[in-house]
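Trainee: I would like to learn how to read a protein model, going from single residues to helices and then to the whole chain. Could you take me through one, giving the general idea before each case?

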Amino acid sequence: MPNFTMPLPAPVSFVLHRLEENGYHAYAVGGCVRDSIMGVTPKDYDVTTSAKPNEMVEVFSDCRVVETGLKHGTLTVVLDGMNIEVTTYRIDGTYEDGRHPDSVTFTDKLSDDLCRRDFTINAMAYSPERGLVDLFGGCEDIKKQTIRCVGRAVERFSEDGLRILRALRFSSVLEFTPDDECAAAVHELKHLLDKISRERIYVELTKLICGGGASRILGEYADVVAHSLGIDGECVSHGAEIIKNDEKTGGEPISEMRYAALLENLTEEDGNRVFASLKPSREESRALGRFLKHRGWADFDELSIIRLMGKTTDSFPSLLGRYEHVTGRITEDASAEISRISERIISENKPRRVSDLKINGTDLMSLGLTGRAIGQTLDKLLDAVIMGDVENEREALKEKVISYGL
(Lines give C-alpha, C1' and ligand atoms only; values in the text may rest on other atoms or scores of the structure.)
Protein backbone atom coordinates (compact mmCIF):
# COMPACT_ATOMS: atom_id res chain seq x y z
CA MET A 1 0.00 0.00 0.00
CA PRO A 2 2.41 2.69 -1.24
CA ASN A 3 -0.04 5.56 -0.69
CA PHE A 4 -1.22 4.48 2.73
CA THR A 5 -1.47 7.28 5.28
CA MET A 6 -2.23 6.29 8.85
CA PRO A 7 -4.27 8.74 10.94
CA LEU A 8 -2.53 9.29 14.25
CA PRO A 9 -3.86 10.82 17.48
CA ALA A 10 -1.99 13.95 18.58
CA PRO A 11 -0.17 12.21 21.48
CA VAL A 12 1.16 9.48 19.16
CA SER A 13 2.26 12.06 16.60
CA PHE A 14 4.02 13.95 19.39
CA VAL A 15 5.93 10.85 20.51
CA LEU A 16 7.01 9.98 16.97
CA HIS A 17 8.02 13.55 16.16
CA ARG A 18 9.91 14.01 19.45
CA LEU A 19 12.02 10.92 18.74
CA GLU A 20 12.64 11.88 15.11
CA GLU A 21 13.69 15.44 15.95
CA ASN A 22 16.23 14.02 18.39
CA GLY A 23 17.85 11.96 15.66
CA TYR A 24 16.12 8.59 16.16
CA HIS A 25 13.80 6.61 13.90
CA ALA A 26 10.34 5.84 15.28
CA TYR A 27 7.31 3.94 13.99
CA ALA A 28 3.81 3.06 15.09
CA VAL A 29 3.88 -0.72 15.08
CA GLY A 30 1.79 -3.86 15.41
CA GLY A 31 -1.96 -4.03 15.93
CA CYS A 32 -2.59 -0.31 15.52
CA VAL A 33 -1.13 -0.43 12.00
CA ARG A 34 -3.14 -3.56 11.17
CA ASP A 35 -6.38 -2.01 12.41
CA SER A 36 -5.75 1.25 10.52
CA ILE A 37 -5.19 -0.63 7.27
CA MET A 38 -8.47 -2.44 7.87
CA GLY A 39 -10.28 0.86 8.47
CA VAL A 40 -10.73 0.24 12.20
CA THR A 41 -9.82 2.87 14.78
CA PRO A 42 -7.13 1.32 17.03
CA LYS A 43 -7.84 1.00 20.73
CA ASP A 44 -4.20 1.64 21.62
CA TYR A 45 -0.92 2.49 19.94
CA ASP A 46 2.55 1.03 20.31
CA VAL A 47 5.72 2.70 19.08
CA THR A 48 9.07 1.10 18.23
CA THR A 49 12.25 3.14 17.96
CA SER A 50 15.99 3.01 17.37
CA ALA A 51 16.49 4.98 20.61
CA LYS A 52 17.94 2.92 23.44
CA PRO A 53 16.17 2.89 26.84
CA ASN A 54 18.42 5.53 28.44
CA GLU A 55 18.04 7.70 25.35
CA MET A 56 14.25 7.43 25.52
CA VAL A 57 14.31 8.54 29.14
CA GLU A 58 16.32 11.62 28.13
CA VAL A 59 14.09 12.42 25.14
CA PHE A 60 10.94 12.34 27.28
CA SER A 61 12.45 13.81 30.44
CA ASP A 62 9.88 16.61 30.44
CA CYS A 63 6.93 14.21 30.05
CA ARG A 64 5.09 11.93 32.44
CA VAL A 65 6.50 8.45 31.92
CA VAL A 66 6.30 4.98 33.47
CA GLU A 67 9.60 3.10 33.54
CA THR A 68 8.45 -0.31 34.79
CA GLY A 69 9.29 -2.01 31.48
CA LEU A 70 12.56 -0.21 30.90
CA LYS A 71 14.67 -3.30 31.61
CA HIS A 72 13.18 -4.89 28.49
CA GLY A 73 13.35 -1.67 26.49
CA THR A 74 9.85 -0.31 27.06
CA LEU A 75 8.98 3.16 28.31
CA THR A 76 5.35 4.20 28.65
CA VAL A 77 4.68 7.84 27.80
CA VAL A 78 1.47 9.25 29.29
CA LEU A 79 -0.05 12.12 27.30
CA ASP A 80 -3.60 13.50 27.33
CA GLY A 81 -4.92 10.37 28.98
CA MET A 82 -3.20 8.01 26.53
CA ASN A 83 -0.60 5.42 27.50
CA ILE A 84 1.81 4.98 24.61
CA GLU A 85 4.31 2.14 24.96
CA VAL A 86 7.62 3.01 23.29
CA THR A 87 10.01 0.09 22.85
CA THR A 88 13.55 -0.07 21.52
CA TYR A 89 14.12 -2.26 18.45
CA ARG A 90 15.06 -5.60 19.93
CA ILE A 91 15.99 -9.19 19.24
CA ASP A 92 14.55 -11.82 21.57
CA GLY A 93 16.76 -14.51 23.07
CA THR A 94 15.72 -18.12 23.58
CA TYR A 95 12.34 -18.98 25.11
CA GLU A 96 13.20 -21.65 27.68
CA ASP A 97 9.86 -21.38 29.47
CA GLY A 98 7.81 -21.45 26.27
CA ARG A 99 6.37 -18.02 26.97
CA HIS A 100 8.98 -15.30 27.59
CA PRO A 101 12.41 -14.67 26.07
CA ASP A 102 15.26 -15.31 28.49
CA SER A 103 16.95 -12.13 27.30
CA VAL A 104 16.57 -9.29 24.84
CA THR A 105 19.23 -7.58 22.76
CA PHE A 106 18.71 -4.05 21.53
CA THR A 107 19.39 -3.43 17.85
CA ASP A 108 19.54 -0.57 15.38
CA LYS A 109 17.50 -2.38 12.71
CA LEU A 110 13.73 -2.18 12.43
CA SER A 111 13.80 -5.43 10.45
CA ASP A 112 15.27 -7.27 13.44
CA ASP A 113 12.38 -6.10 15.56
CA LEU A 114 9.67 -6.96 13.05
CA CYS A 115 10.92 -10.47 12.35
CA ARG A 116 10.47 -11.50 16.00
CA ARG A 117 6.72 -10.81 15.91
CA ASP A 118 4.01 -13.46 15.72
CA PHE A 119 1.92 -12.92 12.58
CA THR A 120 2.48 -10.99 9.36
CA ILE A 121 -0.55 -8.80 9.99
CA ASN A 122 1.03 -7.71 13.29
CA ALA A 123 4.53 -7.18 11.87
CA MET A 124 3.99 -3.90 10.06
CA ALA A 125 5.24 -0.45 11.03
CA TYR A 126 4.34 3.06 9.98
CA SER A 127 6.20 6.36 10.05
CA PRO A 128 4.74 9.66 8.83
CA GLU A 129 8.19 10.39 7.32
CA ARG A 130 8.89 6.99 5.72
CA GLY A 131 5.44 5.50 5.27
CA LEU A 132 4.42 1.87 5.69
CA VAL A 133 7.00 -0.86 6.27
CA ASP A 134 5.63 -4.31 5.40
CA LEU A 135 8.47 -6.81 5.11
CA PHE A 136 6.44 -10.01 5.39
CA GLY A 137 3.33 -9.44 3.27
CA GLY A 138 0.96 -8.38 6.01
CA CYS A 139 -1.10 -6.19 3.69
CA GLU A 140 -1.56 -9.02 1.25
CA ASP A 141 -2.59 -11.37 4.06
CA ILE A 142 -5.16 -8.81 5.21
CA LYS A 143 -6.57 -8.80 1.67
CA LYS A 144 -6.62 -12.61 1.68
CA GLN A 145 -8.04 -12.63 5.22
CA THR A 146 -5.25 -14.98 6.25
CA ILE A 147 -3.41 -15.56 9.53
CA ARG A 148 0.19 -16.44 8.67
CA CYS A 149 3.18 -16.62 10.98
CA VAL A 150 6.31 -14.55 10.52
CA GLY A 151 8.82 -17.21 9.51
CA ARG A 152 8.12 -20.85 10.35
CA ALA A 153 4.95 -21.46 12.35
CA VAL A 154 6.49 -24.25 14.43
CA GLU A 155 9.28 -21.92 15.56
CA ARG A 156 6.92 -19.05 16.43
CA PHE A 157 4.63 -21.30 18.48
CA SER A 158 7.52 -23.13 20.14
CA GLU A 159 8.84 -19.79 21.35
CA ASP A 160 5.55 -18.78 22.91
CA GLY A 161 2.71 -21.28 23.21
CA LEU A 162 0.16 -18.53 23.78
CA ARG A 163 0.53 -17.64 20.10
CA ILE A 164 -1.46 -20.80 19.35
CA LEU A 165 -4.55 -19.31 20.95
CA ARG A 166 -3.73 -15.87 19.58
CA ALA A 167 -3.83 -17.34 16.07
CA LEU A 168 -7.30 -18.72 16.75
CA ARG A 169 -8.41 -15.55 18.50
CA PHE A 170 -7.40 -13.34 15.56
CA SER A 171 -9.05 -15.81 13.17
CA SER A 172 -12.30 -15.53 15.12
CA VAL A 173 -12.31 -11.79 15.84
CA LEU A 174 -11.12 -10.72 12.37
CA GLU A 175 -12.98 -13.59 10.68
CA PHE A 176 -9.76 -14.66 8.96
CA THR A 177 -8.43 -18.17 8.27
CA PRO A 178 -5.07 -19.62 9.37
CA ASP A 179 -2.94 -20.67 6.40
CA ASP A 180 -2.14 -24.38 6.05
CA GLU A 181 1.21 -24.19 7.83
CA CYS A 182 -0.20 -22.21 10.73
CA ALA A 183 -3.24 -24.50 11.04
CA ALA A 184 -1.11 -27.65 11.08
CA ALA A 185 1.20 -26.23 13.75
CA VAL A 186 -1.75 -25.15 15.92
CA HIS A 187 -3.05 -28.73 16.01
CA GLU A 188 0.39 -30.30 16.36
CA LEU A 189 1.68 -28.08 19.16
CA LYS A 190 -1.43 -27.64 21.30
CA HIS A 191 0.38 -29.35 24.17
CA LEU A 192 2.48 -26.18 24.51
CA LEU A 193 -0.58 -24.53 26.03
CA ASP A 194 0.19 -26.52 29.18
CA LYS A 195 2.99 -24.04 29.88
CA ILE A 196 0.68 -21.01 29.69
CA SER A 197 -0.95 -19.46 32.75
CA ARG A 198 -4.68 -20.06 33.07
CA GLU A 199 -5.29 -16.31 33.29
CA ARG A 200 -3.70 -15.73 29.87
CA ILE A 201 -5.63 -18.63 28.35
CA TYR A 202 -8.85 -17.14 29.75
CA VAL A 203 -8.18 -13.76 28.13
CA GLU A 204 -7.54 -15.28 24.69
CA LEU A 205 -10.40 -17.79 24.87
CA THR A 206 -12.88 -15.13 25.93
CA LYS A 207 -12.02 -12.97 22.94
CA LEU A 208 -12.13 -16.02 20.67
CA ILE A 209 -15.60 -17.21 21.69
CA CYS A 210 -17.03 -13.68 21.35
CA GLY A 211 -15.57 -13.14 17.86
CA GLY A 212 -17.64 -13.06 14.70
CA GLY A 213 -16.10 -16.33 13.53
CA ALA A 214 -16.31 -18.13 16.88
CA SER A 215 -18.41 -21.15 15.89
CA ARG A 216 -16.30 -21.83 12.78
CA ILE A 217 -13.00 -21.68 14.64
CA LEU A 218 -14.33 -23.70 17.59
CA GLY A 219 -15.59 -26.35 15.20
CA GLU A 220 -12.36 -26.58 13.22
CA TYR A 221 -10.07 -26.44 16.26
CA ALA A 222 -12.19 -28.25 18.84
CA ASP A 223 -9.19 -30.38 19.85
CA VAL A 224 -7.08 -27.29 20.62
CA VAL A 225 -9.76 -25.48 22.61
CA ALA A 226 -10.64 -28.69 24.44
CA HIS A 227 -7.00 -29.15 25.41
CA SER A 228 -6.79 -25.59 26.73
CA LEU A 229 -9.91 -26.13 28.85
CA GLY A 230 -9.14 -29.68 29.92
CA ILE A 231 -12.40 -31.10 28.53
CA ASP A 232 -13.42 -33.49 25.77
CA GLY A 233 -13.41 -32.35 22.16
CA GLU A 234 -17.03 -33.42 21.79
CA CYS A 235 -17.99 -30.84 24.40
CA VAL A 236 -16.39 -28.09 22.32
CA SER A 237 -17.95 -29.36 19.08
CA HIS A 238 -21.38 -29.39 20.70
CA GLY A 239 -20.77 -25.95 22.15
CA ALA A 240 -19.74 -24.70 18.71
CA GLU A 241 -23.16 -25.68 17.35
CA ILE A 242 -24.93 -23.83 20.17
CA ILE A 243 -22.77 -20.75 19.56
CA LYS A 244 -23.53 -21.00 15.84
CA ASN A 245 -27.22 -20.74 16.70
CA ASP A 246 -26.47 -17.81 18.99
CA GLU A 247 -24.62 -16.03 16.17
CA LYS A 248 -27.77 -16.33 14.05
CA THR A 249 -29.80 -14.39 16.63
CA GLY A 250 -27.67 -11.30 16.00
CA GLY A 251 -27.48 -10.63 19.71
CA GLU A 252 -24.42 -9.18 21.41
CA PRO A 253 -22.09 -12.03 22.42
CA ILE A 254 -22.27 -12.79 26.15
CA SER A 255 -19.04 -14.50 27.17
CA GLU A 256 -20.50 -16.41 30.12
CA MET A 257 -23.33 -17.68 27.94
CA ARG A 258 -20.83 -18.93 25.40
CA TYR A 259 -18.72 -20.61 28.04
CA ALA A 260 -21.92 -22.27 29.23
CA ALA A 261 -22.36 -23.58 25.68
CA LEU A 262 -18.86 -25.12 25.74
CA LEU A 263 -19.64 -26.68 29.14
CA GLU A 264 -23.18 -27.73 28.25
CA ASN A 265 -22.37 -31.45 28.29
CA LEU A 266 -20.85 -31.27 31.77
CA THR A 267 -22.58 -31.39 35.13
CA GLU A 268 -23.08 -28.12 36.96
CA GLU A 269 -20.31 -29.03 39.39
CA ASP A 270 -17.82 -30.02 36.69
CA GLY A 271 -18.67 -27.00 34.54
CA ASN A 272 -18.05 -24.62 37.43
CA ARG A 273 -14.80 -26.41 38.25
CA VAL A 274 -13.48 -26.11 34.69
CA PHE A 275 -14.41 -22.44 34.51
CA ALA A 276 -12.88 -21.71 37.91
CA SER A 277 -9.57 -23.16 36.66
CA LEU A 278 -9.32 -20.19 34.29
CA LYS A 279 -9.18 -17.82 37.27
CA PRO A 280 -12.12 -15.58 36.30
CA SER A 281 -13.39 -12.84 38.60
CA ARG A 282 -15.97 -13.66 41.25
CA GLU A 283 -18.70 -11.91 39.28
CA GLU A 284 -17.77 -13.78 36.09
CA SER A 285 -17.95 -17.07 38.00
CA ARG A 286 -21.37 -16.15 39.33
CA ALA A 287 -22.61 -15.20 35.86
CA LEU A 288 -21.47 -18.51 34.37
CA GLY A 289 -22.86 -20.41 37.36
CA ARG A 290 -26.32 -18.94 36.77
CA PHE A 291 -26.49 -20.49 33.30
CA LEU A 292 -25.30 -23.89 34.52
CA LYS A 293 -27.69 -23.87 37.49
CA HIS A 294 -30.82 -22.75 35.68
CA ARG A 295 -30.40 -24.35 32.22
CA GLY A 296 -33.33 -26.56 31.36
CA TRP A 297 -35.60 -24.36 33.47
CA ALA A 298 -39.10 -24.50 31.99
CA ASP A 299 -41.23 -22.32 34.34
CA PHE A 300 -41.30 -19.06 32.42
CA ASP A 301 -44.57 -17.63 33.74
CA GLU A 302 -44.54 -14.13 35.23
CA LEU A 303 -44.35 -15.30 38.84
CA SER A 304 -41.41 -17.58 38.08
CA ILE A 305 -39.59 -14.85 36.18
CA ILE A 306 -40.02 -12.44 39.09
CA ARG A 307 -38.64 -15.05 41.48
CA LEU A 308 -35.72 -15.76 39.15
CA MET A 309 -34.92 -12.05 38.94
CA GLY A 310 -34.88 -11.92 42.72
CA LYS A 311 -32.39 -14.77 42.90
CA THR A 312 -30.17 -13.51 40.08
CA THR A 313 -30.38 -10.21 38.17
CA ASP A 314 -33.12 -8.35 36.33
CA SER A 315 -31.52 -9.13 32.96
CA PHE A 316 -30.88 -12.83 33.55
CA PRO A 317 -34.30 -14.34 32.64
CA SER A 318 -34.08 -12.80 29.15
CA LEU A 319 -30.53 -14.10 28.74
CA LEU A 320 -31.56 -17.52 29.98
CA GLY A 321 -34.47 -17.50 27.53
CA ARG A 322 -32.04 -16.74 24.71
CA TYR A 323 -29.73 -19.53 25.88
CA GLU A 324 -32.57 -22.03 26.13
CA HIS A 325 -33.58 -21.09 22.58
CA VAL A 326 -30.12 -21.49 21.03
CA THR A 327 -29.71 -24.86 22.78
CA GLY A 328 -33.01 -25.92 21.17
CA ARG A 329 -34.94 -26.42 24.40
CA ILE A 330 -37.51 -23.69 23.72
CA THR A 331 -38.73 -21.90 20.61
CA GLU A 332 -37.77 -18.44 19.43
CA ASP A 333 -41.31 -17.23 20.22
CA ALA A 334 -41.03 -18.53 23.78
CA SER A 335 -37.72 -16.73 24.21
CA ALA A 336 -39.23 -13.49 22.92
CA GLU A 337 -42.17 -13.85 25.32
CA ILE A 338 -39.79 -14.21 28.27
CA SER A 339 -38.13 -10.96 27.24
CA ARG A 340 -41.47 -9.19 26.94
CA ILE A 341 -42.58 -10.34 30.38
CA SER A 342 -39.22 -9.36 31.87
CA GLU A 343 -39.38 -5.89 30.35
CA ARG A 344 -42.89 -5.36 31.71
CA ILE A 345 -41.87 -6.46 35.20
CA ILE A 346 -38.99 -3.99 35.16
CA SER A 347 -41.02 -1.12 33.65
CA GLU A 348 -43.82 -1.59 36.19
CA ASN A 349 -41.20 -1.77 38.95
CA LYS A 350 -42.73 -4.86 40.48
CA PRO A 351 -40.99 -5.99 43.69
CA ARG A 352 -38.45 -8.72 43.05
CA ARG A 353 -36.34 -8.62 46.20
CA VAL A 354 -36.75 -7.99 49.93
CA SER A 355 -35.03 -4.65 49.41
CA ASP A 356 -37.94 -3.64 47.15
CA LEU A 357 -40.46 -3.93 49.99
CA LYS A 358 -41.84 -0.78 51.60
CA ILE A 359 -41.04 -2.27 54.98
CA ASN A 360 -37.73 -3.24 56.54
CA GLY A 361 -36.15 -4.98 59.50
CA THR A 362 -36.43 -1.94 61.73
CA ASP A 363 -40.19 -1.86 61.14
CA LEU A 364 -40.45 -5.53 62.07
CA MET A 365 -38.43 -4.97 65.25
CA SER A 366 -40.95 -2.31 66.25
CA LEU A 367 -43.59 -5.01 65.91
CA GLY A 368 -41.70 -7.24 68.33
CA LEU A 369 -39.79 -9.51 65.92
CA THR A 370 -36.17 -10.44 66.59
CA GLY A 371 -33.35 -12.53 65.17
CA ARG A 372 -34.02 -14.97 62.35
CA ALA A 373 -37.73 -14.23 62.47
CA ILE A 374 -37.10 -10.85 60.84
CA GLY A 375 -35.49 -12.32 57.71
CA GLN A 376 -38.01 -15.14 57.50
CA THR A 377 -40.91 -12.71 57.75
CA LEU A 378 -39.48 -10.40 55.08
CA ASP A 379 -39.17 -13.39 52.75
CA LYS A 380 -42.76 -14.35 53.51
CA LEU A 381 -43.95 -10.80 52.85
CA LEU A 382 -42.10 -10.72 49.51
CA ASP A 383 -43.85 -13.94 48.48
CA ALA A 384 -47.19 -12.41 49.47
CA VAL A 385 -46.54 -9.27 47.42
CA ILE A 386 -45.39 -11.29 44.41
CA MET A 387 -48.50 -13.51 44.67
CA GLY A 388 -50.72 -10.42 44.88
CA ASP A 389 -51.96 -11.24 48.37
CA VAL A 390 -50.99 -7.83 49.72
CA GLU A 391 -50.11 -4.42 48.32
CA ASN A 392 -46.52 -3.26 48.63
CA GLU A 393 -47.48 -0.46 51.01
CA ARG A 394 -46.01 0.04 54.47
CA GLU A 395 -49.24 -0.05 56.48
CA ALA A 396 -50.67 -2.94 54.49
CA LEU A 397 -47.48 -4.92 55.04
CA LYS A 398 -47.55 -4.16 58.78
CA GLU A 399 -51.12 -5.46 58.96
CA LYS A 400 -50.03 -8.58 57.10
CA VAL A 401 -47.28 -9.18 59.65
CA ILE A 402 -49.80 -8.84 62.48
CA SER A 403 -52.10 -11.30 60.71
CA TYR A 404 -49.31 -13.88 60.83
CA GLY A 405 -49.64 -13.81 64.64
CA LEU A 406 -45.86 -13.69 65.09
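**Reading a predicted model**

Mentor: Let us begin with one residue, Arg-169, which is found in helix 7, spanning residues 162-173. Please keep in mind throughout that this is a predicted model.

Trainee: Is Arg-169 buried or exposed?

Mentor: The idea is to compare the relative accessible area with a cut-off, buried meaning under 20%. Arg-169 has a relative accessible area of 12%, so it is buried. Once neighbours within four places in sequence are set aside, Arg-169 is in contact with Glu-204, Lys-207 and Leu-208.

Trainee: Which residues does Phe-275 touch, not counting those up to four places away in sequence?

Mentor: Phe-275 lies in helix 14, and because its relative accessibility is 2%, it counts as buried. With residues up to four places away left out, Phe-275 touches Tyr-202, Tyr-259, Leu-263, Pro-280, Glu-284, Ser-285 and Leu-288. Separation in sequence and separation in space can also be read side by side: Phe-275 and Glu-256 are 19 residues apart in sequence, and their C-alpha atoms are 9.6 Å apart.

Trainee: How far apart in space are Val-385 and Tyr-27, C-alpha to C-alpha?

Mentor: They are 65 Å apart in space, with their positions 358 residues apart in sequence. Val-385 lies in helix 20, residues 372-387, and it is buried, since its relative accessible area is 11%. Beyond its neighbours within four places in sequence, Val-385 is in contact with Pro-351, Leu-357, Val-390, Asn-392 and Leu-397.

Trainee: And is Ile-402 buried or exposed?

Mentor: For the opposite label the cut-off is over 50%. Ile-402, whose place is in helix 21 (residues 394-404), has a relative accessible area of 59% and is therefore exposed. Its C-alpha atom is 9.9 Å from that of Leu-364, a residue 38 positions away in sequence.

Trainee: Let us turn to whole helices. What span should helix 1 have at 1.5 Å a residue?

Mentor: Helix 1, residues 10-21, has 12 residues and should span 16 Å; its end C-alpha atoms are 16 Å apart, so the two values agree. An α-helix has 3.6 residues a turn, so residues three or four places apart point the same way. With that idea in mind, look at the buried residues of helix 1, which are Pro-11, Val-12, Val-15, Leu-16, Arg-18, Leu-19 and Glu-20. Among the elements that cover them are strand 1 (26-29), strand 2 (46-49), helix 3 (53-59) and strand 4 (74-79). Helix 1 is followed by Gly-23, which has a positive phi, near 90°.

Trainee: Which residues are buried in helix 15?

Mentor: They are Ala-287, Leu-288, Gly-289, Arg-290, Phe-291, Leu-292 and His-294. The cover over the buried residues of helix 15 includes helix 13 (255-262), helix 14 (268-276), helix 16 (302-311) and helix 17 (316-326). Helix 15 itself runs over residues 282-294, and its 13 residues reach 18 Å from first C-alpha to last, close to the 18 Å expected. Just after helix 15 comes Gly-296, with a positive phi of about 85°.

Trainee: Which residues other than glycine have a positive phi here?

Mentor: Most residues other than glycine have a negative phi. Glu-175 is one case with a positive value, near 60°, and its place is in the loop between helix 7 and strand 11 (177-178). At a relative accessible area of 45%, Glu-175 is partly exposed. Another case is Lys-279, with a phi near 60°, in the loop between helix 14 and helix 15.

Trainee: Finally, how many helices and strands are there in the protein?

Mentor: There are 21 helices and 11 strands. The radius of gyration is 28 Å, well over the 22 Å that the globule rule gives for 406 residues, so the protein is more spread out than a compact globule. Its C-alpha atoms fill a box of roughly 85 × 50 × 40 Å along the principal axes. Buried residues make up 50% of the 406 residues. Of the contacts with a separation of 6 or more, 65% are between residues 24 or more positions apart.

Trainee: And how far apart are the mean positions of the positive and negative charges?

Mentor: The mean positions of the 51 positive and 68 negative charges are 3 Å apart. As for the surface, the accessible area comes to about 19200 Å², of which 48% belongs to carbon and sulfur atoms.

Notes. Residues numbered from 1 in each chain as written. Predicted model: local features only at pLDDT ≥ 70, side-chain atom pairs only at ≥ 80, totals over all residues. Heavy atoms only, no water. Helix = DSSP H or I, 4+ residues; strand = E, 2+ residues; numbered from the N terminus. Rg over C-alpha atoms; globule rule 2.2 N^0.38 Å. Buried < 20%, exposed > 50% of the residue type's maximum accessible area, 1.4 Å probe, protein only. Contact = heavy atoms within 4.5 Å. Areas by Shrake-Rupley, 256 points an atom, 1.4 Å probe, with all protein chains shown as cover. Lys, Arg positive; Asp, Glu negative; His and termini not counted. Charge placed at Lys NZ, Arg CZ, Asp CG, Glu CD. Expected span 1.5 Å × (residues − 1).
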